[in-house]
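This report walks through one chain, from a patch on its surface to its helices and its core. The sequence and the structure come first, and the reading follows.

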Amino acid sequence: MGIVKSAGVRRAGAIAGALVLAFAAAGQAIGVELTIGQAALMSASVALAPAVPSGPGYLGTFELAAVTVGRTFGLDPDQAFALALIVHAGILGVTSVGGAVAFVVDGWRRGQVPAEHGLPAPGDG
C-alpha cells in the first residue's frame, strides 16, 4: 500500500480521526467509556446526518443519529443525547470561531471574491 500523496485525503483522514476522538472524549466527560470502534461508528453515523433534510446546523438529525447508534451498543438514550450535544456544540463552536477569524484575517466583505480564485468580480458578467 502506497503513501497517500493527496493533501485533501490526508486532511479528510485527520478530520475523521479528530471527530472519533471528539466522541471518545465527550463520552469520558459524561462518564461513558466508548471504545474507539464505538466512537468511530457514532462519528460515521453523524457524518451521514446531512443526507436527511433538516434545520440549520443539522440540529436534530445529528443528535438522532447519535442516539440511534448509541442505543445499539447499550447507551442510555439520555447519555447518547448528551454525548451528541457536547460534540455538536464543540463542532459548531470551533467552526464558528474559525470562520470569524478567517473573515477578520482575510478582510472579506459581502460580494468580494479573492483574486487568487480566478473568478470574475461581481458585476463583470
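Val101 lies in helix H4, which covers residues 77–106, and the model in which it is seen here is a predicted one. With a relative accessible area of 46%, Val101 is partly exposed, because the partly exposed class lies between the limit for buried residues, under 20%, and the limit for exposed ones, over 50%. Together with Val97 and Val105, Val101 makes a nonpolar surface patch of about 280 Å². For the chain as a whole, the exposed area is about 8,400 Å², and carbon and sulfur atoms supply 67% of it.

The chain contains 4 helices and 0 strands, and its elements, read from the N terminus on, follow the order α-α-α-α. Of its 125 residues, 24% are buried. Among contacts between residues at least 6 apart in sequence, 50% join residues at least 24 apart.

Two of the helices, H3 and H4, can be set side by side.

| Helix | Residues | Number of residues | Span, first to last C-alpha | Expected span |
|---|---|---|---|---|
| H3 | 61–72 | 12 residues | 17 Å | 16 Å |
| H4 | 77–106 | 30 residues | 43 Å | 44 Å |

For H3, the span is close to the value expected at 1.5 Å a residue, and the span of H4 is likewise close to its expected value. The buried residues of H3 are Thr61, Phe62, Glu63, Ala65, Ala66, Val67, Val69 and Gly70, and what covers them includes H1, H2 and H4. In H4, the buried residues are Ala80, Leu83, Ala84, Val87 and His88, with a cover that includes H1, H2 and H3. Each of these two helices is also followed by a glycine with a positive phi: Gly74, just after H3, takes a value of about 90°, while Gly107, which follows H4, has a phi near 70°.

Which residues have the most contacts inside the largest nonpolar core? They are Phe23, Leu34, Met42, Val46 and Leu83, in a core of 20 residues. The elements that give two or more residues to this core are H1, H2, H3 and H4. One of the residues just named, Leu83, is buried in H4, and, when residues up to four places away in sequence are not counted, Leu83 touches Phe23, Ala26, Gly27, Ile30, Leu34, Met42 and Leu75.

A further view of the packing comes from a pair of residues in H1 and H2. Leu19 is found in helix H1, residues 7–29, whereas Ser43 belongs to helix H2, which covers residues 36–47. Although Leu19 and Ser43 are 24 residues apart in sequence, their C-alpha atoms are 6.1 Å apart in space. Leaving aside neighbours within four places in sequence, Leu19 is in contact with Ser43, Val46, Val87 and Ile91, and of these Val87 is among the buried residues of H4, while Val46 is among the residues with the most contacts inside the core. On the same basis, Ser43 is in contact with Leu19, Val20 and Phe23.

Is Ser43 buried or exposed? Its relative accessibility is 7%, so Ser43 counts as buried, the cut-off for that class being under 20%.

Key: Residues are numbered from 1 along each chain as its sequence is written. This is a predicted model: local features need pLDDT of at least 70, side-chain atom pairs count only at pLDDT 80 or more; totals for chains, interfaces and linings use all residues. Side-chain values use heavy atoms; hydrogens and water are left out. Contact means heavy atoms within 4.5 Å. Patches are made of residues with over 30% relative accessible area and no salt bridge: like charges are joined within 9 Å, nonpolar side chains (Val, Leu, Ile, Met, Phe, Trp, Tyr) within 5 Å. Accessible areas come from the Shrake-Rupley method with a 1.4 Å probe; for residues, only the protein chains shown count as cover. A salt bridge is a side-chain nitrogen of Lys or Arg within 4 Å of a carboxyl oxygen of Asp or Glu. Buried means under 20% relative accessible area, exposed over 50%, partly exposed in between (1.4 Å probe, protein chains only). The expected span of a helix is 1.5 Å times one less than its number of residues. A nonpolar core is a set of buried Ala, Val, Leu, Ile, Met, Phe, Trp, Tyr and Cys residues joined through side-chain atoms within 4.5 Å.
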